[in-house]
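I am opening a notebook on a structure that is new to me. I will put down what I looked up, entry by entry, beginning with a single residue and moving outward from there.

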Amino acid sequence: MNKPVMTSFYTQLVSNVLFRLHERLKGHSTYAMLARLEQSQWLTAEQIANEQQRRLQAFISEISHKSPYYQQLLKTRGLTASDINTVADLQKLPFLTKQLITDNQQALCSGPQQQLQRYNTGGSSGVPLIFYMGKQRVSHDVAAKLRATRWWDVDIGDPEVVLWGSPIELGKQDRIKKIRDSLFRSYLLPAFEFTPAHIEAYLQQLQQLKPKMLFGYPSVIHQLALAAEARQLSLAQLGIKVVFVTSEMLFEHQRQVIERVFACPVANGYGARDAGFIAHQCPAGSLHISAEDIIVEIIGDNDQVLPVGESGEIVITHLQTQAFPFVRYRTGDMGRLSSEPCQCGRGLPVLAQVSGRTTDFMLTTAGDKLHALSLIYVLRDLEEIRQFKIIQHSLTDVEVQLVAVAPLSSSLAEQIISQFKQRLGADCNITLKQLDTIASLRNGKHRYVESKMDY
Ligand SMILES: [Zn+2]
């Protein structure tokens, strides 16, 4: 039997039948959204801006009725939904910060909280954040990702390998997700487990799974590519069409190694679990914003909106977040918008540059590289901890700075130290320092991991 035909038959089956069924059963409208997005990407920049404005008005109108937080906020400011008609009008509303989300979780919800999906993220700031998503937003974020992978000739049902640090999906839905993922042939290799033994196993799995796409952190995929090269393992024949990287800065040297080893292009993406899938790179090289539903403002040092071309903090309004609104959400990331249209012909606006995101590695006492996320996960789910920063001074000396809601109990301190030792080595000295505040970087962003080691 001819294998490529089988593969494409399965892809079509998944794409046409199973995925639609799955989405309908979950009450998602991903397919309708995808169809809309595939059309609108070819509109002119002006038409897309008009569509965005229309959706902004509908969004503000809806949350002004349903979200108690925004109902109250508009009232206090003497505004009604009809005062927010354009992107410029958004400046009448305040920024939304992680702290405001934490303090107003109930009031932000437009309906019963139990009908929403709960998410928990350390984000790039090191401040743990709990927020909620409605079905509308989940559908949108999936559709936006699918539109972008189709730019690279990868469709739903094509096997993909995801190198991701997130164990958050583990839990009661674990089994369901496993079934769904094997059905849609999306395989997760945990990026926070990255010892030499894991790398060996991951390389073997890649050869067996023959994915059409790799998706994950550039630092992790770069490490994997280097490991393959060191073993003189040829992965060029696997047939990978694209490596999609996100959540971190993509460095040029990483791009070169990844493209060489997997013999395919690297596509950059900008987004985060909290702010959504904001921008994806097209084959012509531009990071296109999913502007139909996502408004990007660039904010200067004095909180003023900067013109196109100037660098500042990226602030996001996500128009599919009716259930738990993200309006002028401060991402802490730095970037600038481009005024140049893309050669691919899509009218979607372009993010010229995103900087200021790093997710680092740390070294264990045995000298192995460890993805810093595995340490971050120890801290970010603890309710007692508001903020943290992990500093590696040497192989055997790691400092953990903490801002906690109350003095740490000795049992919690022991638990943290023990989990750090498990990951870094039993002979690593872990020092906990409880502080009142942790200083920010100049751009207001917190750096949650700092390594003083050279590697
Ligand atoms: Zn383009």
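**Entry 1: one residue in a helix**

Does Ile221 count as buried or exposed? I looked up its relative accessibility, which is 0%, so Ile221 counts as buried. I note here, before going further, that the model is a predicted one.

Ile221 belongs to helix 10, and I then asked which residues it touches once those up to four places away in sequence are not counted. The list I wrote down is Leu163, Leu214, Phe215, Gly216, Val243, Val245, Ile258 and Phe262. For one of these partners, Val245, I also looked up the spacing along the chain and in space: Ile221 and Val245 are 24 residues apart in sequence, and their C-alpha atoms are separated by 8.3 Å.

**Entry 2: helix 10 and its neighbour**

Staying with helix 10, which covers residues 218-230, I looked at how it packs with helix 9, residues 196-209, and found an angle of about 85° with the axes 10 Å apart. Angles of 65 to 115 degrees count as roughly perpendicular, and helix 9 and helix 10 are therefore placed in that class. On the side of helix 9 the residues that meet the partner are Ile199, Tyr202, Leu203 and Leu206, while helix 10 brings Leu224, Ala227 and Ala228. Sorted by class, this contact has seven nonpolar residues, with no polar and no charged ones.

Just past helix 9 I stopped at Lys210, which lies in the loop between helix 9 and strand 5 (213-216). Its phi is near 45°, a positive value in a residue other than glycine. Lys210 has a relative accessibility of 39%, so it counts as partly exposed.

**Entry 3: a second helix pair**

I next turned to helix 3 (residues 45-66) and helix 4 (residues 68-76), whose axes come within 5 Å and cross at roughly 100°. Helix 3 and helix 4 are therefore also roughly perpendicular to each other. Ile63, Ser64, His65 and Lys66 of helix 3 make the contact with Pro68, Tyr70, Gln71 and Leu74 of helix 4. By class, the residues of this contact are four nonpolar, three polar and one charged.

**Entry 4: aromatic rings**

How many aromatic pairs does the structure hold? I found seven. One of them is formed by Tyr119 and Phe131, which are stacked, at 5.8 Å centre to centre and with 20° between the planes. Since Tyr119 is in strand 1 (residues 117-121) and Phe131 in strand 2 (residues 129-133), the pair ties together parts that are 12 residues apart in sequence. Both Tyr119 and Phe131 are buried.

Another pair is that of Tyr132 and Phe324, whose ring centres are 5.7 Å apart and whose planes stand at 50°, so the pair is tilted. Tyr132 lies in strand 2 and Phe324 in the loop between strand 11 (312-318) and strand 12 (326-338), so here the parts tied together are 192 residues apart in sequence. Tyr132 counts as buried because its relative accessibility is 9%, and Phe324 counts as buried because its value is 2%. I also noted that ring pairs link Tyr119, Phe131, Tyr132, Phe324, Phe326 and Tyr329 into a cluster.

Then I looked for charges over rings. The charged end of Lys145 sits over the ring of Phe215, 4.5 Å from its centre, and that of Arg330 sits over the ring of Phe95, 4.6 Å from the centre.

**Entry 5: two loops**

Asp303 is in the loop between strand 10 (294-299) and strand 11, and its phi is positive, about 70°, although it is not a glycine. With 39% relative accessibility, Asp303 counts as partly exposed.

Gly345 is in the loop between strand 12 and strand 13 (350-355). It is partly exposed because its relative accessible area is 44%. Where Gly345 and Gln41 are concerned, I wrote down a separation of 304 residues in sequence and 8.9 Å in space, C-alpha to C-alpha.

**Entry 6: the whole chain**

Last, I looked up the totals. The protein chain has 13 helices and 19 strands, and buried residues make up 52% of its 455 residues. Of the contacts with a separation of 6 or more, 70% are between residues 24 or more positions apart.

Note on methods:
Residues are numbered from 1 along each chain as its sequence is written. This is a predicted model: local features need pLDDT of at least 70, side-chain atom pairs count only at pLDDT 80 or more; totals for chains, interfaces and linings use all residues. Side-chain values use heavy atoms; hydrogens and water are left out. Axes are lines fitted to C-alpha atoms, for helices over the stretch in contact, and angles run from 0 to 180 degrees between N-to-C directions. Helices (H or I, at least four residues) and strands (E, at least two) are DSSP runs, numbered from the N terminus. Angles under 35 degrees count as roughly parallel, over 145 as roughly antiparallel, 65 to 115 as roughly perpendicular and the rest as oblique. Contact means heavy atoms within 4.5 Å. Ala, Val, Leu, Ile, Met, Phe, Trp, Tyr, Cys and Pro count as nonpolar, Asp, Glu, Lys and Arg as charged, and the others, Gly among them, as polar. Rings of Phe, Tyr and Trp (its six-membered ring) pair if their centres lie within 6.5 Å; planes under 30 degrees apart count as stacked, over 60 as edge-to-face and the rest as tilted. Buried means under 20% relative accessible area, exposed over 50%, partly exposed in between (1.4 Å probe, protein chains only). A charge sits over a ring if NZ of Lys or CZ of Arg is within 6 Å of the ring centre and within 35 degrees of the ring normal.
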